[in-house]
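Student: I'd like to learn how to read a model like this one. Could you walk me through it?

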Amino acid sequence: MRQQLLAAAFFTASAFVTMPAFAGDAVKGEALFKKCAACHKIGADAKNAVGPALTGVVGRAVAGVEDYKYGKSIVELGETGAVWTEEEIFEYLANPKKYLRAKLDNKKAKSKMSFKLKKEDQRNDVIAYLATFSPKAEEGDAASEEPKAEETTEETTTTN
Ligand code: HEC
């Protein structure tokens, strides 16, 4: 009896340990993208809407969609050669205006995107979803569904 209890406790504990705390979940991210879809389209033939098309945004130049009319501040950031890595998008989504102000060191910088996504896990999930529309750095080997996720421990924020 006691052994069974111990075993149960052990399995419960290890389930928590192996659960990736911050690794983004693209499936959850797809559902979350509904929040973004009010303004953004994504996919092979996605067009600009209120916001620019987000197809391939991970790894893309900031303000990099040619025929979208960005706000002045984000254009300024794009001109510095800034690129949307997953880390940068993570910061941006929390508060686009604040992000631009910090990056440009300009308290008057503005963002045309008023939406904020506060929760870290939601940001990670939605970014994991965005990343499925970007070519992987190594290219080839399609559909690599994060095989490393199990090894992710709590202290590592998702990189890449
Ligand atoms: C209310 C409309 C709105 C919502 C909702 C919204 N965005 Fe945006 N987004 C914009 C606009 C407008 C811009 C252009 C910003 C500018 O020009 O300053 C933008 C820009 C961006 C950019 C920069 C793109 C580039 O080409 O540089 C990213 C990344 C982005 N949004 C991601 C998201 C994600 C992910 C979500 C959902 C979690 C989201 N947005 C929700 C309106 C929105």
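Student: How many helices and strands does the protein chain have?

Tutor: Happy to help! In this predicted model, the protein chain has six helices and zero strands. Read from the N terminus, the order of elements is therefore α-α-α-α-α-α.

Student: What share of the chain is buried?

Tutor: Of the 160 residues in the protein chain, 22% are buried. As for contacts between residues at least 6 apart in sequence, 59% join residues at least 24 apart.

Student: Now a single helix. How do I read α6?

Tutor: Start with the general idea: an α-helix has 3.6 residues a turn, so residues three or four places apart point the same way. Here, α6 covers residues 120–131, twelve in number. Its span from first C-alpha to last is 16 Å, close to the 16 Å expected at 1.5 Å a residue.

Student: Why is α6 said to be largely enclosed by the rest of the structure?

Tutor: Because nine of its twelve residues are buried. These are R123, N124, D125, V126, I127, A128, Y129, L130 and A131.

Student: Which elements do the buried residues of α6 pack against?

Tutor: Their partners are α2 (26–37) and α4 (86–94).

Student: And the ligand: which residues are closest?

Tutor: C36, C39, G51, G71 and M113 are the closest, out of 27 residues that surround the ligand. The elements giving two or more residues to this shell are α2 and α4, and the buried residues of α6 pack against that pair.

Student: What is the make-up of the shell by class?

Tutor: The shell has 19 nonpolar, six polar and two charged residues.

Technical notes:
Residues are numbered from 1 along each chain as its sequence is written. This is a predicted model: local features need pLDDT of at least 70, side-chain atom pairs count only at pLDDT 80 or more; totals for chains, interfaces and linings use all residues. Helices (H or I, at least four residues) and strands (E, at least two) are DSSP runs, numbered from the N terminus. The expected span of a helix is 1.5 Å times one less than its number of residues. A residue is buried if 20 or more other C-beta atoms lie within 10 Å of its own, exposed if 12 or fewer, and partly exposed in between; C-beta atoms are placed from the backbone. Two residues are in contact if their C-beta atoms, placed from the backbone, lie within 7 Å. A residue is near a molecule or strand if its C-beta atom, placed from the backbone, lies within 6 Å of it. Ala, Val, Leu, Ile, Met, Phe, Trp, Tyr, Cys and Pro count as nonpolar, Asp, Glu, Lys and Arg as charged, and the others, Gly among them, as polar.
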